[in-house]
Each structure stands twice: as C-alpha cells, then as structure tokens.
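Please find below a few notes for a colleague who is meeting this structure for the first time. They are best read with the model open alongside.

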Amino acid sequence: MAVDSTLPSPLGPPACEKDAKALQFVEEITKNVDSVQERVLGEILSRNAETEYLKRYKLNGATDRDTFKSKIPVVTYEDLQPEIQRIANGDKSPILSAHPISEFLTSSSGTSAGERKLMPTIHEELDRRQLLYSLLMPVMNLYVPGLDKGKGLYFLFVKAETKTPGGLLARPVLTSYYKSEHFKTRPYDPFNVYTSPNEAILCADSFQSMYSQMLCGLIMREEVLRVGAVFASGLLRAIHFLQINWKQLAHDITTGTLNPKVTDASIRECMSKILKPNQELAEFITKECLEENWEGIITRIWPNTKYLDVIVTGAMAQYIPTLEYYSGGLPMACTMYASSECYFGLNLKPMCKPSEVTYTIMPNMAYFEFWPHESSTSVLSRDSPPRLVDLADLEVGKEYELIITTYAGLCRYRVGDILQVTGFHNAAPQFRFIRRKNVLLSIEADKTDEAELQKAMENASVLLKEFNTSVVEYTSYADTKEIPGHYVIYWELLIKDPANAPTDAVLNQCCLQMEESLNSVYRQSRVADNSIGPLEIRVVKDGTFEELMDYAISRGASINQYKVPRCVSFTPIMELLDSRVVSKHFSPALPHWTPERRR
Ligand code: AMP
C-alpha cells in the first residue's frame, strides 16, 4: 500500500516510509476510537460466543455493548481462579476462550494470597504485542534523529519456565515474547539493532546472560545510542553488576577470552566472534570503573547515549534521582504501558519529563472500560454491574480504574491500575499512570497506599538533600508485634559524601516528616487515638535491596518484571532486611492533627 506521507500528522514528519505507515496507523485508530472499540468487542464476543463463560451469563450470541454491559460481571483475578485452575489442570474445553490457551503468563503482581497470577493467553496475542512494539521506534524517531546510525544497549532477560499440572507453560510475558519467533527471527531494522545477541538474551542463567550482554555493550560502547531495560530497576541492577564485575570484564577484553563462568555453549560461540583482545578498551574501562565516583558513569562509558529507555512511572518513579546520578541527567523515555493480561498503549511524546508522561491506549488491543475512581470503593454487585465508561467517553482530569476484555478471554477484568485522563490525541484519551490499587500499610483504621507512602518518602528525603544523600530503595512493614503497632520503613541510602552523612537527629526528623505527610486517618490514630506508635526508619546496608531482588528471583520472579515490593511481611524477607540494619530511628514527636483539618 502506498503511503501518503504528506498527510498532516500532529506527530510530525516520519523518518522513513515504514515509520510513515506506522504513524498513519496510530493516527487512524486514535481518530476512530469508538468504532475500533465496538469492532474489537464484537470480534471478541462473536468468537467466544460458545465459551462456557459467556454462556453462563446468557449472552446468547449478543455482541453489542449494551447487552454485554448489562449481563457480564466485573471481576478480579480471584473470581476467575476456579476457571484458571481448571485450564491449568489440563481442561481443554472452551472455558474462557474459543481459541486454545497457548500458555500462561505469570504476572509479577501477585494475588492477595501472595502467589503469582497465572494469566491464560492465546497464540495470536503475540501479534498484538509485536504490533505495539512496532510502533515505538517510529514515534521515537520523530523526536530523536539518527537512531539508525548505531545500536541500543538493552538488558533483556528470560526466565526458566515451569509447567502447570496440565502441561501448559507458565512463564513471564517477556520470556514468552523473547522466545517467540516474532522476536528471535525479527527482520533486520536499522533503527532497532541491539548490542545484545539473541543467545545472550535467551540464556535463562541470569549471571551468564547479564555478563555477556554487558560485555557486548562494553565492546560496542561507541556505537551505543540508547541504553535501557524494561523497568528502571533492571537498568540499575545492570550498573550494580558492572560495579561488581568490571575487573573480570576488563580482563576478558584484554585477553580476548571469555570468563569461564559463562558456560552456555551458544553464548560462547557467538561471543567468540565478537570478543577480540583490545588493550586500549580494557584500560579505558579500568580507568573509569576504578574511579570512586560513579556519577555519570553511563555517559562516560557510552558517550553517544542520547537517552535512557526505561519505565520510570508508577512504582518506578523513586529510581529517577539514582538514574539521573548515574547518567548525568540523560532524558528517560517511558515508551509503553503494558501488562501480562494485555499490552495497553504507548507514550506519543517519549522524550517528555518523567512527571509528564502520558500513555495513549491503543483501541485495537482489547476492549477497555473505565470505572470512575470515586465510586470504585463501592461494593461490587453481580446483579447490577456498575456503569463503566467507554474509552471514547472519558473526561479530562478524572481518575479511573482500568477494566479490560481481551481476545484471550478475560471479560471485564479489573487490572488494578488507576489512571488519570490528561488530554487527548485525536479522539484517544491520554493517561497518566497514577498507581496500582492497593493498600500497603494498615495498623488499624488507617490505610496507606503506595502513592501516599511514595509521597511521604519524597517529602522526608528532602531533608537529606543538604547532606548530598538520597534514598535509593525503600520498603515498608506494618509492625504489629507490639501494641500499639507502628510503621517501619526500610531505607537504603546513597551517601555521596560520607564525611557529611545525615545525623541521627536528621533521620529522626525524616520519620516525623513522613508522618506529617501521611493521611489524616493515620495522624488521628497517632495523635488522638494513640493506636499507632512512632514511625520508625531502619537504614539498611548498601546492596540489601539487590539481595532482596536476588532472593525474589531465586524464588521464581522475573528480572525484567521485578518490582521492589513496597511493603513486606514474608518472614524470610523480613529476616534478611533486619539482619542488614545499620541504624534505627524513630519519630521524635507527634505529627500535626486537628479534627477539622483536611489535607
Ligand atoms: P505484570 O503483570 O507483572 O506485567 O505487571 C503489569 C503492571 O505493571 C501494570 O498493570 C502496571 O501496574 C505496571 N506497569 C506496566 N507498565 C507500566 C508503566 N509504563 N508505568 C507504570 N506502571 C506500569
């Protein structure tokens, strides 16, 4: 099909013919949001008309929105668990989907019981994921020219797979994608060349995979134009890996021989073509890594990097200062918004500031509904499903919970994400990711969620600025062993100037500052009810959160999708954290609270 690249595009002129087509596609579906959504729902309902699930709710073959909305309940993962368990046990009848379930995707966002969710998927979903990926570079090329002149250093990983009792694979969505032919045999695209060979990405041993990806990144350092990982935490893990392993990496580059700890035959074979003795490069790496100060290390080692490609929205926002430190303030591009259940959409202005990131949901990915957030605390009734709003009918400024109906057979499923509409691209709403819906900490009547904890943490860490110190990682725990219970916050600090480290008194003030930032129910419990004790900060040793991640990975978490839990309660994790505590600090006073005060 010939592309009319003269079409006025609010996204700007495309970099090449292929990009023009992709951008035109984005323009078309964002202009026709409602009709695309109607078509998507019609397709899903007609193909799944004979499934047990839709028959149970007596849809009788209807494919229109009104019948669907009036008959199908809004559900959570827990509601679907019996069906999912049957599929996992080997029941091949069309339970949720008329198409055969090809595998389960394990979500890092666990169930309320703490297990990983198993999301059934179908083979063709790979096409939809690939389609969304194919839109990312055409958008990026509008803002960053010349990305075809070099490579991307991306730290990407797969995880070992497990099988359900019925024999279906269960693995993270990215493992499924990287192992698919869609990824492995992707056609050459000059705008999308990676330094990491497939062999390195596809090795399930995380050390060997990371080691060889880092080695390739170092060897090709001058060609690297962008550095990334899926989430910010993955990129920081790579930097930490370099801190620990640079000597061996430099040794390999000096001698042109690969570390014997990398035993994977396919990696060894492909590295034998890439790795050649290079004394000058090894000396350069040694000189940079020997420096005490790693500020700007990313741009020192990869001097042509134009931006970091990492998600720093949502729970990842707290990594922004650390990434800024290591990258000398490079832009951070958050390019897409996705989940194991469904890939949702992309950021049409990927070079914007992290605080301004918005995602545009692509209406062809699934059928999307939105639950106005004010009412989402109301009790769900199966008999009268709530009135959910369609993608085309959302209002700017309002917050909504995302509800999806997917080709793989999830119907009106609550993802758990809260999004705020900030504007529109054509008729498609653009969303700021607000948070995942959950309550993190609760001692009694108080309920503190992730966003509140993050805010409190940010406000408290302002006090550390004059000590050139920042919080690199944190998590929390509702300690109810004693009465009254109290909040415990674990902090790992980056103290850039040890001679001027924050004092005990300053850290005590940080506790109070956190309390001042928490909601009024919390402060009332502290001040009036005395039902919550003083907030405690426990500072842990450097590298503790790295160990926490290792522990999670050893228990089956995926490196790509790993997110530090913002609240912990599992005994082995608590023991690990507590064994690394270097100092404890308590709030020295009561926070402000008056009955009439509203925050
Ligand atoms: P998982 O099911 O493990 O893949 O996790 C999916 C969840 O990760 C989403 O529902 C979001 O809560 C979060 N997530 C994914 N992409 C983003 C993003 N770009 N910004 C913020 N949070 C995200």
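1. In this predicted model, the lining of the largest cavity draws at least two residues each from H11 and helix H14 (297–301). Of these elements H11 gives the most, with 3 residues, and the full set of lining residues is Phe155, Met214, Val227, Leu235, Ile239, Leu242, Ile297, Ile298 and Trp302.

2. How much space lies in the largest cavity, and what classes of residue surround that space? The volume is about 40 Å³, and the lining divides into 9 nonpolar residues, with no polar and no charged ones. For cavities of 30 Å³ or more, the count comes to 1.

3. Helix H11 (residues 232–255) also packs against helix H10 (residues 206–219), where the two axes come within 9 Å and cross at roughly 70 degrees. An angle from 65 to 115 degrees counts as roughly perpendicular, and H10 and H11 are therefore roughly perpendicular to each other. The crossing in which H10 passes H11 is right-handed.

4. On the H10 side, the residues that meet H11 are Phe207, Met210, Tyr211, Met214, Leu215, Leu218 and Ile219, and their partners in H11 are Arg237, Ala238, Phe241, Leu242, Asn245, Gln248, Leu249, Asp252 and Ile253. Sorted by class, this contact of H10 with H11 holds 12 nonpolar, 2 polar and 2 charged residues. A reader following the cavity may wish to note that Met214 and Leu242, which take part in this contact, are also among the residues that line the largest cavity.

5. A further partner of H11 is H15, which packs with H11 at an angle of about 45 degrees, the axes being 10 Å apart. That angle makes H11 oblique to H15, and H11 passes H15 in a left-handed crossing.

6. Which residues bring H11 and H15 into contact? From H11 they are Ala232, Leu235, Leu236, Ile239 and Gln243, and these meet Thr322, Leu323 and Tyr326 in H15. The residues of this contact divide into 6 nonpolar and 2 polar, with no charged residue. Leu235 and Ile239, both named in this contact, are likewise found in the lining of the largest cavity.

7. The second largest pocket, in which about 790 Å³ of space lies, is lined by 30 residues, and the closest to its centre are His240, Gln243, Tyr326, Val472 and Leu494. Two of these residues, Gln243 and Tyr326, were met above in the contact of H11 with H15.

8. The elements that give two or more residues to the lining of the second largest pocket are H11, helix H15 (320–327), strand S17 (469–479), strand S18 (486–495) and helix H19 (544–554). Here too H11 gives the most, with 6 residues. By class, the lining of the second largest pocket divides into 15 nonpolar, 6 polar and 9 charged residues, whereas the lining of the largest cavity has no polar and no charged residues.

Methods: Residues numbered from 1 in each chain as written. Predicted model: local features only at pLDDT ≥ 70, side-chain atom pairs only at ≥ 80, totals over all residues. Heavy atoms only, no water. Axes fitted to C-alpha atoms, helices over the stretch in contact; angles between N-to-C directions. Helix = DSSP H or I, 4+ residues; strand = E, 2+ residues; numbered from the N terminus. Parallel < 35°, antiparallel > 145°, perpendicular 65-115°, else oblique. Left-handed = near helix turned anticlockwise from the far one by under 90°. Contact = heavy atoms within 4.5 Å. Nonpolar A, V, L, I, M, F, W, Y, C, P; charged D, E, K, R; others polar. 1 Å grid on protein atoms, 1.4 Å probe; cavity = no way out; pocket = protein on both sides within 12 Å on 5 of 7 lines; lining within 4 Å. Points joined across faces, edges and corners; volume = space filled by probe spheres on them.
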